[in-house]
Amino acid sequence: MATVFDVARYILEKQGEMTAMKLQKLVYYSQAWSLVWEERPLFNASIEAWANGPVVRSLYDCHRGQFRVSPESLARGTAAALDEADASTVDGVLEFYGDKTAQWLSDLTHMEAPWKKARERAGLGDGEPGESVISLSDIHEYYSGLE
């Protein structure tokens, strides 16, 4: 199984440098659609419902303090670790979401049930910092309904 760093590296190598926020959202959508299309997680790291949308803390810790992230600036991960199905899933995500802005992607996650449910479970209000985990079952249930 690929790691979140492998997925992030793959995205950066395909799309080039981008904001850290956009990378986080593309990683989130890659995980979501892998749960639907492949019926398995793409990576094992938890996704948290932060104020600006879904974030993988371990990936955040890797790019912390950087507004923009490039393949060269991401210290970990190997794109080649993705198998054919993983790469196909991420390619599909990039085809649909890849040209969107970070803010557009963040706003979209705020309208979707998985992020909202995780925030509600933790009693977090708008803009309030928090670390509530977005469950894979909530992600799968919601995005399966969109297919």
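## Exercises around Thr 89 and beyond

Apart from residues up to four places away in sequence, Thr 89 touches Ser 30, Trp 33, Ser 34, Trp 37 and Glu 38. This contact list comes from a predicted model, and the exercises below start from it.

### Exercise 1: Thr 89 in its setting

Task: find the element that holds Thr 89, and decide whether Thr 89 is buried or exposed.

Solution.
- Step 1. Locate the residue: Thr 89 sits in helix α4, which covers residues 84-97.
- Step 2. Look up its accessibility: the relative accessible area of Thr 89 is 2%.
- Step 3. Apply the cut-off: buried means under 20% relative accessible area. Thr 89 is therefore buried.
- Step 4. Return to the partners: Ser 30, Trp 33, Ser 34 and Trp 37 are among the residues that Thr 89 touches, and helix α2 spans residues 20-37.

### Exercise 2: From Thr 89 to Asp 99

Task: place Asp 99 in the chain, state how far its C-alpha atom is from that of Thr 89, and describe its surroundings.

Solution.
- Step 1. Asp 99 belongs to the loop that links α4 with α5, the latter being residues 102-111.
- Step 2. Along the chain, Asp 99 and Thr 89 are 10 residues apart, and their C-alpha atoms are separated by 16 Å.
- Step 3. With a relative accessible area of 62%, Asp 99 is above the 50% cut-off for exposed residues, so Asp 99 counts as exposed.
- Step 4. Setting aside neighbours within four places in sequence, Asp 99 still has contacts with Lys 22 and Leu 94.
- Step 5. There is also a polar contact between the side chains of Asp 99 and Lys 100, at 3.3 Å.

### Exercise 3: Leu 23 and Thr 19

Task: say whether Leu 23 and Thr 19 are buried or exposed, and list what each one contacts.

Solution.
- Step 1. Leu 23 is part of helix α2, while Thr 19 is in strand β1, residues 18-19.
- Step 2. Leu 23 has 0% relative accessibility and so counts as buried.
- Step 3. Thr 19 has 14% relative accessibility, and it too is therefore buried.
- Step 4. Beyond its neighbours within four places in sequence, Leu 23 is in contact with Ala 8, Ile 11, Leu 12, Met 18, Leu 59 and Val 69.
- Step 5. With the same kind of neighbours left aside, Thr 19 is in contact with Phe 67, Arg 68 and Ala 102.
- Step 6. A polar side-chain atom of Thr 19 also lies 3.1 Å from the backbone nitrogen of Lys 22.
- Step 7. For distances, the C-alpha atoms of Leu 23 and Gln 66 are 12 Å apart, with their positions 43 residues apart along the chain. Thr 19 and Trp 115 are 96 residues apart in sequence, and 20 Å separates their C-alpha atoms.

### Exercise 4: An unusual backbone angle

Task: what is the phi of Glu 39, and where in the chain is this residue?

Solution.
- Step 1. Glu 39 has a positive phi of about 55°, although it is not a glycine.
- Step 2. Glu 39 lies in the loop between α2 and β2, where β2 is residues 48-50.
- Step 3. At a relative accessible area of 68%, Glu 39 is exposed.

### Exercise 5: Towards the end of the chain

Task: locate Gly 145 and give its distance from Gln 15.

Solution.
- Step 1. Gly 145 is in the segment that follows α7, residues 136-144.
- Step 2. Its relative accessibility is 61%, so Gly 145 counts as exposed.
- Step 3. Gly 145 and Gln 15 are 130 residues apart in sequence, and their C-alpha atoms are 28 Å apart in space.

### Exercise 6: The whole chain

Task: describe the protein chain by its elements, and compare its radius of gyration with that of a compact globule.

Solution.
- Step 1. Count the elements: there are 7 helices and 4 strands.
- Step 2. Put them in order: the pattern along the sequence is α-β-α-β-β-α-β-α-α-α-α.
- Step 3. Compare the radius: a compact globule of 147 residues would come near 15 Å, and the 14 Å of the protein chain agrees with this.
- Step 4. Add the box: the C-alpha atoms fill roughly 40 × 35 × 25 Å along the principal axes.
- Step 5. Check burial: 48% of the 147 residues count as buried.
- Step 6. Check the contacts: of those between residues at least 6 apart in sequence, 74% join residues at least 24 apart.
- Step 7. Look at the surface: the protein chain exposes about 7,000 Å², and carbon and sulfur atoms supply 49% of that.

Key:
Residues numbered from 1 in each chain as written. Predicted model: local features only at pLDDT ≥ 70, side-chain atom pairs only at ≥ 80, totals over all residues. Heavy atoms only, no water. Helix = DSSP H or I, 4+ residues; strand = E, 2+ residues; numbered from the N terminus. Rg over C-alpha atoms; globule rule 2.2 N^0.38 Å. Buried < 20%, exposed > 50% of the residue type's maximum accessible area, 1.4 Å probe, protein only. Contact = heavy atoms within 4.5 Å. Areas by Shrake-Rupley, 256 points an atom, 1.4 Å probe, with all protein chains shown as cover. Polar contact = N/O pair within 3.5 Å; in protein donor to acceptor, adjacent residues only side chain to side chain.
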